[in-house]
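Here's a set of exercises to work through with the model open in your viewer. Try each task before you read its solution.

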Amino acid sequence: MNHFRTTTRLTLLACVLALVTPTSAADDANVKIPVIFDTDIGTGIDDAFALAALVSDPKIDLRAVTTVGEGAEDRAWIVCRFLTAIDKREIPIAFGRGEQPKIAIDWQIQYRRHAAVVWNRTIKPVKEPAVELLFATLKAANEKGEKVTILAGGPLTNIALLLENHPECKAWIERLIVVQEVHATNPDPKFSRRRTTFQLDPKAARLTLAAGVPVFLLGSVPVNPTHKEIDALFDTCNPLTLQLQALNQLCDPFKFQFISTAGAMLITDEPAATWRDAHVLVDDAGLESLGKGAPNAKVSAIIKSKQVLDRYLKQVAAFAEPVVPKPPGNVSKLIEQGGFPRKVHVVEDFETDIEKRWWLTGKPERGETAAVETKEDVLKLPGGIPLVTPHSDKTLLALAGNRVMRATLTQDFDDKQGDRDVMYRAVVFNPVPGPPMGPNTRLSFRYKLTGTDTLRVQIFSLSNGYHRCLSLKGLPQGKWQHATVDMTQARRPDGTGGPLKEDERIDDIQFYVDPRADLFIDDIVLYDAAPDDEKEPFPRHITFTGWFDTGKQGAIGSGAEWPGEFEIVLHEKPRTWDAARSVVAKNGETMLRLGLRGMRPLVGEVAVRFRYKLTGTAWMELALRNSKEMREVKRTVKEPTRDDWATATILIPAARDGVKDQHEADELIIRIAKGSTLLVDDVLIYEPAK
């Protein structure tokens with residue numbers, strides 16, 4: 001069973017109120033109930049499932065969606081992509097302005113940062129703030145003689161501001177369904193604080209309860225469907241269930257609640273619940289209690305949860321016909337890695353969090369662990385990396401892949417010839433800032449496939465503005481494998497475009513499989529093939545590659561592609577593109593300090609290779625530095641070449657008993673004598689092959 005599916009918990013209510021549907025709407029099948037959804041979608045999965053309930057219910061006319069909570073605009077873009085994918089473009093979306101409740105968006109932010117949004121393939125939020133869209137929608141309905149139901153799936157910030165700024169709209173609201181959820185205010189469960197809807201904005205809760213509108217308050221007692229039911233829902237592969245599954249894969253499991261979903265379903269299912277009047281109190285901390293006084297809300301009592309659940313599953317599954325991709329074309333074959341590459345353009349092993357901003361599709365997971373007896377056993381594992389170097393021949397812990405990227409559902413990033421009406425499971429990352437290629441581009445990676453033997457590899461050309469792809473068939477399943485492909489064989493889907501050319505700049509690197517399959521990717525290396533006479537083998541593992549042909553230099557922590565202390569300068573002819581030049585640092589040293597864009601684990605024997613041109617005194621020292629521990633591993637470059645380009649390879653042995661050479665590093669420093677000048681290019685930190 002798929003992991004993403006097994007972690008799903010479609011939590012419906014055992015204690016939910018009866019929602020009074022207008023008689024005319026209930027009796028006339030041709031009359032739909034007008035609804036507005038105010039949501040904090042992007043935090044947890046419940047509001048996404050609620051949105052699916054609203055758009056799939058034939059008795060509901062969803063008039064508008066507004067978003068609330070920290071990052072309200074990002075949440076609105078999530079809704080925009082969702083509604084575009086299911087062809088509901090007519091529904092307007094607006095986001096809350098001003099101070100918003102502190103509730104972080106989780107990994108679902110990746111859904112918002114998709115190429116479909118970035119490249120204007122989706123509808124956009126309206127210019128008006130959420131409060132003004134709420135008011136305009138209510139007013140338009142009132143002019144037709146209608147009242148509107150509002151489902152509040154998040155904090156009541158937008159609703160309270162609406163009632164405060166436009167008190168005349170109170171009479172236009174049929175009912176306000178308030179969902180009392182428990183929210184995690186930090187996307188990392190280790191640091192999570194759990195707060196209820198009222199606690200996120202107590203003032204808004206009190207204003208809403210005192211406004212005199214019909215408030216229906218929902219609480220929760222979880223009732224879970226079977227894994228088989230959830231699998232069946234996602235396996236329908238219709239446009240709606242695919243979008244639900246995509247967000248579900250990105251959602252943090254510990255947040256799963258489906259109170260909003262129940263609220264959405266009960267709008268048109270009056271017999272499923274009973275309710276009672278109550279006087280609800282909210283203190284300054286947002287804590288809720290029942291007191292004496294005139295009723296200001298209807299509180300949930302009983303719900304036929306199985307009835308609601310069954311109807312939901314059938315309703316969403318029947319939304320549309322399934323859509324699955326056709327088999328990919330341009331079938332290619334695996335090739336050998338070859339010797340030590342002429343140049344390494346891109347490396348990604350998914351170990352450094354600072355690079356998350358470039359992970360466009362997929363979710364990181366920890367790889368598989370194995371207890372082994374010797375270093376030789378570690379080397380037999382695909383990508384085996386010792387986490388703890390043994391001080392004897394006893395057991396050591398090895399990790400096959402360490403942190404890896406698991407494919408999640410997405411549309412094809414190819415907006416010109418790709419089939420964007422279907423979804424794929426994919427891993428996509430952006431090797432910012434788009435390096436230029438060599439004449440013989442190769443792509444090496446590790447993968448694990450389940451449910452298919454076919455994989456499509458795709459790359460985007462910044463120079464030409466289109467994608468090229470190739471596909472692999474007959475691949476092994478169920479275990480980690482290594483693959484290398486010749487990217488000069490990639491072509492556009494219609495066969496045009498020609499091969500990748502020297503100096504052509506590329507961008508996104510993409511791996512696609514059928515949406516019903518599963519895929520893991522790790523240890524991606526995009527490189528220019530070794531010369532035919534290269535004797536040195538391909539590195540066992542590459543930790544970092546640094547070239548300076550594109551992108552900006554900036555201070556460490558600035559977000560620049562090349563952080564550190566140095567200058568980027570043009571190569572002198574006949575060399576092309578750029579190099580890094582030493583500077584006089586603040587401490588008076590002449591050096592080149594290159595930030596590694598995060599803390600890099602250094603395991604086994606480490607090699608640092610770079611091309612350089614030294615002018616001045618023939619002295620050069622290299623250091624791998626851990627800036628947090630203020631500790632360096634230093635090596636002197638013996639007899640460096642002067643006044644001409646040369647290549648240096650510095651080896652740092654594996655850790656030994658009592659030796660602390662083995663550690664993490666986030667900076668590479670090359671020091672030279674005062675008055676000297678150093679140019680550096682093609683930096684590579686790697687573990688040599690055994």
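**Exercise 1.** Find which strand Asp 682 lies in, then work out whether Asp 682 is buried or exposed.

*Solution.* Start with the location: Asp 682 sits in strand 37, which covers residues 677–687. Keep in mind that this is a predicted model. Next, check the backbone: phi of Asp 682 is positive, about 50 degrees, even though the residue is not a glycine. Last, look at accessibility. The cut-off for buried is under 20% relative accessible area, and Asp 682 has 16%, so Asp 682 counts as buried.

**Exercise 2.** Do the same for Phe 350: where is it found, and is it buried or exposed?

*Solution.* Phe 350 is in the loop between strand 12 and strand 13 (359–361). Its phi is positive too, at about 65 degrees, and again this is not a glycine. With a relative accessible area of 0%, Phe 350 is buried.

**Exercise 3.** Track down the cis peptide bonds that lead into Pro 433 and Pro 574, and say which loops these prolines lie in.

*Solution.* Take Pro 433 to begin with. The bond from Val 432 to Pro 433 is cis, with omega near 10 degrees, and Pro 433 falls in the loop between strand 18 (424–429) and strand 19 (441–450). Now Pro 574: a cis bond joins Lys 573 to this proline, with omega about 10 degrees. Pro 574 belongs to the loop that runs between strand 28 (567–570) and strand 29 (578–581).

**Exercise 4.** How many cavities of 30 Å³ or more does the structure hold, and what lines the largest cavity?

*Solution.* There are four cavities of that size. The largest holds about 140 Å³ of space. Its lining is made of 16 residues, with Val 346, Val 347, Val 432, Thr 545 and Arg 597 lying nearest the centre. Going by elements, strand 12 (343–348), strand 25 (541–546) and strand 31 (590–601) each give two or more residues to that lining. Strand 12 gives the most, with four. By residue type, the lining splits into nine nonpolar, three polar and four charged. Val 432 is familiar from Exercise 3, where it precedes the cis bond to Pro 433.

**Exercise 5.** Which residues of the largest nonpolar core touch the most other members, and what is Leu 83 in contact with beyond its sequence neighbours?

*Solution.* The largest core has 95 residues, and the ones touching the most other members are Leu 51, Leu 83, Leu 443, Phe 445, Met 487 and Phe 511. Leaving aside neighbours within four places in sequence, Leu 83 contacts Leu 51, Val 55, Lys 88, Arg 89, Ile 91, Ile 93 and Ile 123. Another core lies apart from this one, with 36 residues that include Leu 156, Val 178, Ala 278 and Val 280. Now turn to helix 3 (residues 46–56): eleven of its eleven residues are buried, so the helix is largely enclosed by the rest of the structure. Leu 51 and Val 55 are among those buried residues.

**Exercise 6.** Is Asp 284 buried or exposed, and which residues is it in contact with away from its sequence neighbours?

*Solution.* Asp 284 lies in the loop between strand 9 (273–282) and strand 10 (288–291). Its relative accessible area is 67%, so Asp 284 is exposed. Outside the four places on either side in sequence, Asp 284 contacts Pro 202 and Arg 206. With Arg 206 there is a side-chain to side-chain polar contact at 3.4 Å. For the backbone, compare Asp 201: its C-alpha is 9.3 Å from that of Asp 284, with the two residues 83 apart along the chain.

Methods: Residues are numbered from 1 along each chain as its sequence is written. This is a predicted model: local features need pLDDT of at least 70, side-chain atom pairs count only at pLDDT 80 or more; totals for chains, interfaces and linings use all residues. Side-chain values use heavy atoms; hydrogens and water are left out. A nonpolar core is a set of buried Ala, Val, Leu, Ile, Met, Phe, Trp, Tyr and Cys residues joined through side-chain atoms within 4.5 Å. Buried means under 20% relative accessible area, exposed over 50%, partly exposed in between (1.4 Å probe, protein chains only). Contact means heavy atoms within 4.5 Å. A polar contact is a pair of N or O atoms within 3.5 Å; within protein, one must be able to donate a hydrogen and the other to accept it, and residues adjacent in sequence count only if both atoms are side-chain atoms. On a 1 Å grid over the protein atoms alone, a cavity is a set of points where a 1.4 Å probe fits but cannot get out, and a pocket is an open set with protein on both sides within 12 Å along at least five of seven lines; lining residues have an atom within 4 Å of a point. Grid points are joined across faces, edges and corners, and a volume is the space filled by probe spheres set on the points. Ala, Val, Leu, Ile, Met, Phe, Trp, Tyr, Cys and Pro count as nonpolar, Asp, Glu, Lys and Arg as charged, and the others, Gly among them, as polar.
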